[in-house]
Each structure stands twice: as C-alpha cells, then as structure tokens.
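Here are my notes for you to read with the structure open beside them. Take the points one by one and find each residue as you go.

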Amino acid sequence: MRDLASRLRAIVREGKRHRESFSPDDPEKDSRCLLSSAEDIGGALPLDAEAVARALGGEVRQERSGAFIQVDRTWDATDFHGSRRVSSFAIARDAPVGLFDPRLAEVADWPRRPVFFDIETTGLSGGAGTVAFLVGCGWFEDDGFRVRQFLLTGPASEPAMLDALGELFDEASLLVTYNGRTFDVPTMETRWAFHRRPSPADELPHFDMLPAARRLWGRRAPRGAGASSGLRDGGGSGGDEAGCSLTALERSVLRFHRVGDVPGFEIPVRYFQFLRTGHAEAVRGVLEHNQYDLVSLAAVTAHALQMAADGPETCREAIEQGGLGRLYERAGDLARAERAFVLAAESDDVEVAAHALARLGVLWRRAGRHGEAAGAWQRVLRLAERRLWLRPLARRAAEALAIHHEHRAGDPDTARGYAEALRRDASGRAAEDARHRLARLDRKIKSAGDTKGGPSAAQLFES
Amino acid sequence: MAAMSSLPALTGDKDQSLAALLARLEAQHDAAAREGDEDPHVTAVRKLPAVAAEFAPFPASLDPRLVQAFGARGIAQPYTHQAEAIDHALGGRDVVIVTPTASGKTLCYNVPVLQEILRDPSSRALYLFPTKALAQDQLAELHQMASLVGAEGGGDIGVFTYDGDTPQDARRAIRTRAHVVLSNPDMVHSGILPHHPRWAKLFENLKFVVIDELHAYRGVFGSHLANIIRRLHRICRHYGSSPTFICSSATIANPRDLAERLIGREFALVDRNGAPRGEKYFLFVNPPVVVPQLGIRRSYLAETRRVAIEFLKRGLQLIVFAQSRLSTEILTTYLKDAFHGPPGAADVIRGYRGGYLPLRRREIERGLRSGEVRCVVSTSALELGIDIGALDVAVMAGYPGTIAATWQRAGRAGRRSGRSAAVFVASSAPIDQFVVRHPEYFFDASPEHALVNPDNLHILLDHVKCAAFELPFTDEEGFGTINVQEVLAVLAEDGFVQPVDGQWQWTHESYPADAVSLRSVTSDNFVVVDTTDGERVIGETDFTSGPSTLHEKAIYIVEGRLFQVDRFDFEGRKAYVSSVECDYYTDAITYTKVTILETFEEGPEGPRGPGSQGSGSQGSANQGAGSGIGRDVGALAAGLEEDARAEGRAPGADERALGTQRRTPNADAHVPPVPSAQRPVPALKAHGEVHVVSRVVGFKKIKFYTNENVGSGELDLPEQQMHTTSYWLTIPREILAGLPYGTADKRDGVIGLAHAMRNVAPLLLMCDAHDLGLSVDGVSLEGGSRMGGVARGEAPELSAEPVVFLYDNYPGGIGFSEPLYGMHEALIDRTRELIDGCPCQSGCPSCVGPEGATGPLAKSVASHLLELLAAPEVPA
C-alpha cells in the first residue's frame, strides 16, 4: 500500500495541475523564481532573526509576548522626496482636514501627532489567514520624517508586534492612511480580535486620504502622471483607476519615480519565500516599497491640505482647481467653490473645463442666477460638440437649458429645440421624459399661437 | 383519465371516511392473501396502534420565566424524551435525540438554550440546519419563544439567521448582537470559521451548538460536516469555549454513532419518544402487471394518481411524494386535471419542489397548515422538518430509497390523535419491487446506518487547508483521527504552509474555503449553456458524470424540456446545447476498468480481529483521538462489524444492520443443493483501494415510453481516472466451472447477478444509487445497466474467475466499501431474494435486467450462482 504521504502528494499535485491548466497567467508562477530555486528549496531552515535584522538595518525587539524585527529609517528634514523637501511635508496645525472629512472638524487634538500607517499582507482575500506581516508607521519628528516598520518572523511574532503597534497607536492623535478605511484598519482589527485584544484603532481619529484624492484628482491623474500603471501596492481598493493610485500621484504631484519597486502582487510571495529561506533579500524590497508608500502618503497628504488651505488661485493645475471646487462645494463653502470652478472653466483641458462649467450651472441656478447658469450650460454644449465622451454632460446641459427656456425664459420654441435634441439622443427613461416635455411644449406653443422657428439646437448632438 | 369531479368540502367525519377506505383496501389485501395471489395489488396493510403521551416535569432548575412562557403556549409539562434531552443538555452532556416527525424536537434544544441565555445574557448558541429554508422555518418559532420569554422579563434575546441571503449591512450587527445564530454548514464553512475574529464574541461565549436533521449528514456531505466540526472545535478552543452539542435526528440505525463520528465526542442518546401518536395505517401497493412476458407493470405515476384521487374524493388532506422534480410536475398536472370547480379551485392542489420561489413556498406551507391546500405534490423538499401541520395521508410514488426516509415521509401524515395513513406505491425499479414484495424487510428491519468517512483524504486535505488558514496548527496538534502533521508536511512541500516557531503558518494567498464544495468531493463541474436564443447557463453537472450526460448529441432534459448537446468542451468544462423536439433520450455507454491497488481485507475467513493488519486508511484510526471516548468512534467508518464488536456481539452479525432475519429463500426447489465436496473455500469477498479508469465510448438513443433502442453513436472522450475504495466479489473458478450452463449463459448470469447486486447494495448502505459504481471483471455495465442491463454482444467474454466490483463513486471513497464488505452475506441474501422473488419468467428490469438485454438464462444462472455463493461457509 502506498503510504499516506504519497497518497496525499498525489491528491495535492492533481489539484494543482488542474488549477494551473486553467489559469495560465497566474502571476505566481513567474514570481516563484525570485530567488534561485536552489535557494528556495531546502525548506525549513530556522530563521535567524538577528541576522535578518542586521541585514535590514534593524534590530530584534524581544518582548515578553514574543520577538519581531523593527526597522527604523529617518528622512532628514532637508532631504528631497521627488521635487519636495521633506520639511515641507509636515502638516500645518491649522490644516483644513475638516474639509475632507467633517468628522475630523470636531477633533481638536488631531495635530498633536498624526501617524501615517500602511501594511503589507499575506493576501487580499481577508479572513483569519490573512496576516499583516509588515506594518509601517511614519510621523514627523524635529529632525525629519521617521518611518518605523515591524516585520514578523513567524506567527509567534504577532502578539508582541500587535502590542508594540498598540503602544504606537496610543500615542498617536490621528491615523492617516491610503484606503485604510476599507483595508488596513479592518485587517488590523481582525488581527487584534484574532489575538483577543481590544483594538487600539477604535478610538483613534482616522483620515483616509484615498477618498480625498479621488475627490481632488478624480479618476485622472494630473498632467505629468505619464503612463501611470499599477495599482497602489495591491491595496485591494479594486476598480480604482490607476490615476488615483498612490504611485501615480507620487509621480504626478511629487515628481518622484521609484526604481525597482516591488509590484504589489509579488509581495505575499516574497514574504513566503522569506519564511522558507530566512533570506532578508526576499523582503528587502518589500520594506522599501512600504517606506516609500509612507513617505509619499505624507507628502501627498500635506500637498492636498496645503492646496485646500491656499485656495484655487495658487494651484498650478486646472484639474486640482476643479477638485478643490468639488471639495469646497461639498463642505458648503460655495463662494470658494465658485471661484475654483470659474478658474477651472478657463482651462485648456476641455474635460476639466466642461465639468467645472456644469458645476457652475448648478451652483448658479441654485443661487437664482438663472441667466449665468444658462450661459454656463451653453458653454458646456459648445465644448461637448464633436466630443463623444462628453455626451453625458451635454445631455445634462440640454435638459437644464430646456427647463430654463421653458420655465424661466418663457421661450418654448427654444426649449423645444433642446428637448427635441434630447429625445433623439437619449434612451429609456430620459427619452420618455423628453417626449413628455415635447408634448407639453407643443401644447404651449400651440396655445400661444406662436410658430416661430426654433433654434438649431437639434444639431448640437449631430457630429 | 379519471372522470372530472369536484372535491367535497373539508368537513364531515374525516376519521370515518378514512377508516372506510382503509377497511376496503384491507379487505382487498386479505382476499388476495386467502386466494394465494402471488402478485397482489395491495401487498401489505399494517396497523400501528395509537400511543398515549408520557409526560415528565420540567427540571426544577428551569427559569420560572421560561416555564411561564411555555405555559402561555399551552405546554405545562414536556414529554419524557424532551425532559430527558433538556436534562442532558443542561448538565453539559452532548446529546442526540431521535425523534419522529411532530414529536416536539425543537423544544429539546430551545429550552436549554433559552435557559442559558436567561442565566447569562452573554451566552451564545449556534444552530445548524442542512438548508436555508429549514433555518427560516425555525426562526419563526424561536422568535416567538424569545419574545414570550422577553415579555416575562427575559430581556431582548437576539435571534437571527446568517446565510448567503443575509444582507451585507446586517451582518455586522448580527455578529455582535445575535444570541442565537441560525445557519447552515456551507455558511459556517466559508463565511464564519474563516472570519472567526469577527465572530469573537460568539465563539468566546458559545454554550450550545444545535445540529438539526443530523441524519442528513451522511456520505460526502456528512464527511465534510465532520471536518467542519473539527475546525469549529479548534476555533472554540482558541477562544476558550467548549460548547455542548445538541443533535436531533430522524430514525436511523446508528444515531449515536453518527453523532459521535460527526462531532468527535461521546454522546448521550435519547430515543424513547414520549409524544402521543394516533392510529396509523401503512399500505404497500404494487401496480398490476400489464405485459406478463416482459414483466411490465402499470405506470406507478398513474397508480399514484388513482390512489391519491381515492383519498381526495373522501375529503382527506394529503401529501404526495414524488421522486424527481419532473414527476412532481407530472403528478401535480394529473391531479389538477382530475378535479374541477370554480375558478381557482384547482389551487387546492399544489406542487412543491426546490426551484420554487421562497414566497410561493411559504404560501403553500401556510395553505397546508390552514387546510386551504388539500393536496401537495412534493419532492423530498418537504421531507425535512418544514412545518406544514399534520395531514391525513401521505402517498409515496416510488420507494424513497431508504427505510429512514420512508418513515420520515410517512410521518408527514398523522396527528397526535386520530387516524392517518401512509401508502407506498412501488415503481418497477428493482429496489421498489424488492421492498413491495418483501414488506417484512421494511416493517421489521431497523432503518439504515448513516455512514460518513471524515478521513477521505480528498475531503480531509481541503479542510486541513481551511483549518490551517483559520488558525496555525501547532507541531503537536491533531485533527480528528489522522496524523495531521504528516498532512501538513505534504502541504508544506507545495508551499501551502511553512513550519515556523513550532507552528504551521499558512503561506498561500488563496482563501481555501472557496475551493471546497460541501455537497461533493471536488468543486469542479461542467456548466450547461443553452444557445437556442443567446447564451445562458441552464444547469450544471458534477465532474464525474459530465462526460456521460453531456457528450455531443446527448439529450439533456430540464423540467421536461429537451435539449441536444451541440458541443462538449471538456477542457473548458462547458456543454453547449440547443432546444430540440424529439421522442428519445440518450444513454451513454461507458467502459470502466478497475485495477486493484491494494486489498485491505478479504474473506471468507471472517472479519479481522483487533490485532490484524486492518485497513490502511483506518490504520491510524485511534491515534490522536484522545478525547476519552470509550467506544471506538475512530473506527466507525469500518462500519457494522466494529459496531457489533463494540456491543459485544459476534462479528459478522449483520442481521442487526439489515434487520431482516437470514431466511432461506423458498426457491430451493428448482436449484439442486450443492454437494459439500464441491463447496469451494477461496477468497470470495474483499475490499480495498482501486484505480478506476472510465471512458464514455458511445451512446444509445432510447425511445420514450417504449424504451426501444432507436439508434446509437460512437464517442471519443478523454478518460477519467480516480483512486477510490471498492468492495469486490470474486466468483471462484470452481463454482463457475461447476455450473451446468454454456459460457455465454454463464456470462449473462454473472452480468445479471452484478446488475441485481448493484441495485440491492444502496438499499443496504442507505446511499444514493449514484454513490456506487459497478464494474464486472474490469469491464463496465454502466450506462446500459441503469435502464436494464447491457445489450448482448457488448459484454466481453468473462474470465474463469470473474470479479464484480462495487466501488465508491467518489475520489478517495466515502466509506461505503468497508461496510459493504461487512454486509457481504446480507448482500448475497438480499440479491437472491430479489431475483428469486421476482415473478418474471426469465429476467426483467426489476431483477437481472430486461430479457433481450441479458439473455434468456440470465435469471436462472444468477439464481444458481447465488445459491452457491450464499451456501453456509465452512466453519473456521
């Protein structure tokens, strides 16, 4: 009889063969050979934590609940990160965080010690088996930006690491993350719960920069982002366009380009390899990746807050002016929002300008400035001519103008032109609405006995 | 077609009209018996007398608020079995309760759970039901109890279902607020255990785990559940809790063994039912033979319709169980057609099956309880504990497959007082014909054993991965009965885990629970894509049966609609079909080759003793159990012999398992007794590990209704291979040589024998016919056999010593082979009874296969062979 192990082996291999034949593009396959296979096989060497710590420039922290590796690195205040001097990243005490997250407006103490936080995990699926094997924290000290990383050398490391992280959190006044609300913080909460510890993140104010970045820069990175690709270290935000990934922002906003960065999908595999071989080299790049994420997060956050404080006039990029407009509008600062949109509307970037005008159309109408609103919508229509990707905006403009001319300007003929264009362009519910409007307008026109020819707005959608 | 008639109102003395009808049928049965009718229409009428209730007081320690709440529901005292179960549970003893339908099992677990929550509001309980619908059903009752208790000052007791339908935004609240979580094994497997930190509050305070419908967890599903429970134990240990298990089961032969094997702990058994029962009649009906030469009987569906109409016309409320979704729809149509009335009146007759929307199902259930619905035609969907009230009559169209399921379906009729009836209408399937002609087999036998094999390596391996993901194994930890350290070492070779710090860390990016389907051994399957009008998926088929049902030109049937397979993409696991109109279906011809890899045991020298080599897979059975179980739970897969041994009886005492007495069939007359000198003593029975290679080589087209073979085709499909376990019977050279028949007839006899054995084996094993594969001397009868034997000319010559393999039709095996080996004698006896007791002249689909397919002498040769094989063994 075959022994248990060989029977088990046959089953494991069978399943694996099948999986591989159905996912030929499995990235794992390529990344398996990060180290030469000879080094990888050989297996269960006891991992020498001291040697690893030395190689990574850190130290072993021996606590009562276990040991883990701590690596500290400081960016001097006078250093540059991309085009920015590190000293410029420090967040001003009066920075308008409340603009981005109203909950933080209530927190008086937040500037005391903001801590930037980012983790690397053994997978993205979540659940009890997904471990944050590397947690990184960054904060400003007098002499610069300090990054402190905790690296697990095995499952026995985790309780001690969690305790140490808890202490760090206890001292923090604000947690700043990139997508931390959906990924980093819930992942850590699971780890604390796993080890039956209360979560020190529960009471800590949290500023997630990702939604703020989306609001400011939309789905598109500002000019200069170049051919940005690759999601932020696989932060699991899924569906987020490359334009708002942290690496895209650091290229466009900070002009910082990473060299030899570890791609996100490789990170778990590298750590597993580290566990198997004990080689610090397998994770050196992961630590660096995490450090850059933290420094860039600090820089981008400082930039965003500074920009919001300074106002649209000092912005270099129209896309940022538009983003600021949305930010102010959402925070209820309509005067500044209007200024921002007016500036953005002058942009050469047609899309930025059209979106800004559309916001202005809404803002002005709400303010009762109907004439100006109609003007903005007309500019939207002009910009949208022959630009298919702006059609949704054009439809909104036509609808707004049809309403305006019917109800405000008392010009049913003009209104009819817009409504007719809408009917032809729209489908489903919108087309149905347009038909109703047309019928009503026709009745009005008939009862007015006025049969002036309408404008050629119908042509607006022809291209 | 029956005359159109309208239904009488549901008034008058139902008891009396039922009694009148039963009396008539009983008289018919008695008359047939007097006249010596060999093939009576009504083959059995049994009267089960009424039983009075037995009460016992609630335990003195019970919270007065709980006593009050039950008082408010009219329950002053529990039945004896309820009181006993509550006592065990509150005493912290794991308990399994065997309860017939409608005996108040929910009280057995709700009382201890609510009592504990009242005592300590932080307490939590987890209820597991095999389906979502059952959890929903229980939710209502538990809600009511919880609010009654709450009204008595018990505070707010949170009761929630947590399953695939639970909205995402409600989940967080449930995780922290629910005192009682009602879920199912699939959800626990993929949604709760892998996320246990989020459920920390539940696991830290888990006092009770309730597993309802325990008997549903057998075979593959049960083997998965046992591993899920192993994982649950680990998580509970991690959070410092040790819940008490309360299980309830329908009547099966081994409820305690099953519970102990699934949960891995020692159980107390409560099986003395204290609930009252009214008088109940049980009738067996065999549709009359209409074509005697071919043994063809009147359609059992038509017969069921006639029976049902008899009861309906007398104003009785009934449930009709059909064997498939299709026959459910057909019967529903028949019965609706038979009655007319004002518009909507036909709604008093309803169908019920999986696939109906929940709202419709709830409406039908309500209608049954209120009496508005007079008749429901259902698949097994209503067999489990959905509350539909107590009906007057249960009619079963076809044998439900097991004694246990038959009693459970019969239990759907019957009140605590007053008369009720259950009727079994036999189809022409061999099992049906065996049961209907041997009523004593059913009435006097204990029900079946539910078997599981938690150490099936395929299943085990998947769950070890899940467990390693959930909580790193330590290098000293066990997992069930197998040496998990060895399993982990193999997983480490492929990078799934890595030994670090004395633990096995999960080092894989995957979420292993996603790759496991609890209802089968592998989650691999084929999907069926209908391309008639666009492309849409209309069905799926498990990996094993894909090639034989979805090959090109196969006819694929969904709810009576026919589709033809246009293209079968084996690699892509898809079959593209389009709608067709035709009057035939297809049956694949599969060649199967079975190679013995290792023989675990062989006889006739009798079962192994405790010290013998034993079976490989159970070899390490006892190490690591360590939970102080006195009985040999670890070796239960070994089945019935272990059972017998544990209870101090002689090995080989299969009678208990099968319940029938070993009788010498009265067919001795036409087979001369075998001279003792001729009696051989070589190996007859064996079980072990085998390699099965099967390939679909062709198919036949078979006409509906007439079953004529109207064409065939050849196919070239890839081989499928698996390692599994098998029981096999070797027909000794001496016996075969000594038979006074020609080679071709002997071959027909062996094939006929195999055909009959294959149909009897599931009866003994309490498994689905699908669970077993058959191969004779290395060449398959599959495909042909389901519809009755292999066509002449397809079967090759037999060797001098042919072997009949009955193998577990799942990779790795799920524990049928060893018990089957233990039941070898019973298998031979029952097969002999089936063949000798069959009234056909020379073979029919109900025994050795239809004449014409098996050869004229197949029946005689098979009978003769069995005579020799069943001869008492030489004393050891």
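The points below go from a small sheet to the chain contact, the cores and one cysteine.

1. Before anything else, keep in mind that this is a predicted model.

2. Start with the small sheet in chain B. Three of its strands make an open sheet, ordered E17-E19-E18, with antiparallel pairing. Strands E17 (473-474) and E18 (497-500) of chain B are at the edges and have a single partner strand each, so one side of each has no neighbour in the sheet.

3. Now look at how E18(B) is held to its partner. Four bridges link E18(B) with strand E19 (residues 503-506) of chain B, and the two run antiparallel. If you want one pair to find on screen, try Val500(B), which sits opposite Gln503(B) in E19(B).

4. What lies across this sheet? Helix H18 (residues 484-493) of chain B lies across E17, E18 and E19 of chain B, and runs at about 110° to E18(B).

5. Next, see where the two chains meet. How many residues does each chain bring to the contact? Chain A puts in 28 residues and chain B puts in 31 residues. On the chain A side, helices H1 (4-22), H8 (184-194) and H11 (266-277) of chain A each give at least two residues. The largest share there, eight residues, belongs to H1(A). Sorted by class, the side of chain A that touches chain B holds 16 nonpolar, seven polar and five charged residues.

6. Then go to the cores. The largest nonpolar core has 223 residues, and the ones touching the most other members are Leu318(B), Val320(B), Ala394(B), Val395(B) and Val423(B). Helix H23 (residues 743-765) of chain B provides the largest share of this core, eleven residues. Apart from it there is another core of 123 residues, among them Val71(A), Met161(A), Ala248(A) and Ala354(A).

7. Zoom in on Val395(B). Leaving out residues up to four places away in sequence, Val395(B) touches Thr304(B), Val307(B), Ala308(B), Leu318(B), Val320(B), Val423(B) and Val425(B).

8. Finish with Cys137(A), which is in strand E6 (residues 132-141) of chain A. Is Cys137(A) buried or exposed? Cys137(A) has 21 other C-beta atoms within 10 Å, and the cut-off for buried is 20 or more, so Cys137(A) counts as buried. Setting aside residues up to four places away in sequence, Cys137(A) touches Val115(A), Phe116(A), Phe117(A), Arg148(A) and Leu168(A). Cys137(A) and Val115(A) are 22 residues apart along the chain, yet their C-alpha atoms are separated by 6.3 Å.

Conventions
Residues are numbered from 1 along each chain as its sequence is written. Chains are lettered from A and ligands numbered from 1 in the order in which they are written. This is a predicted model: local features need pLDDT of at least 70, side-chain atom pairs count only at pLDDT 80 or more; totals for chains, interfaces and linings use all residues. Two strands pair if DSSP finds at least two bridges between them. Two residues are in contact if their C-beta atoms, placed from the backbone, lie within 7 Å. Axes are lines fitted to C-alpha atoms, for helices over the stretch in contact, and angles run from 0 to 180 degrees between N-to-C directions. Ala, Val, Leu, Ile, Met, Phe, Trp, Tyr, Cys and Pro count as nonpolar, Asp, Glu, Lys and Arg as charged, and the others, Gly among them, as polar. A nonpolar core is a set of buried Ala, Val, Leu, Ile, Met, Phe, Trp, Tyr and Cys residues joined through C-beta atoms within 7 Å. A residue is buried if 20 or more other C-beta atoms lie within 10 Å of its own, exposed if 12 or fewer, and partly exposed in between; C-beta atoms are placed from the backbone.
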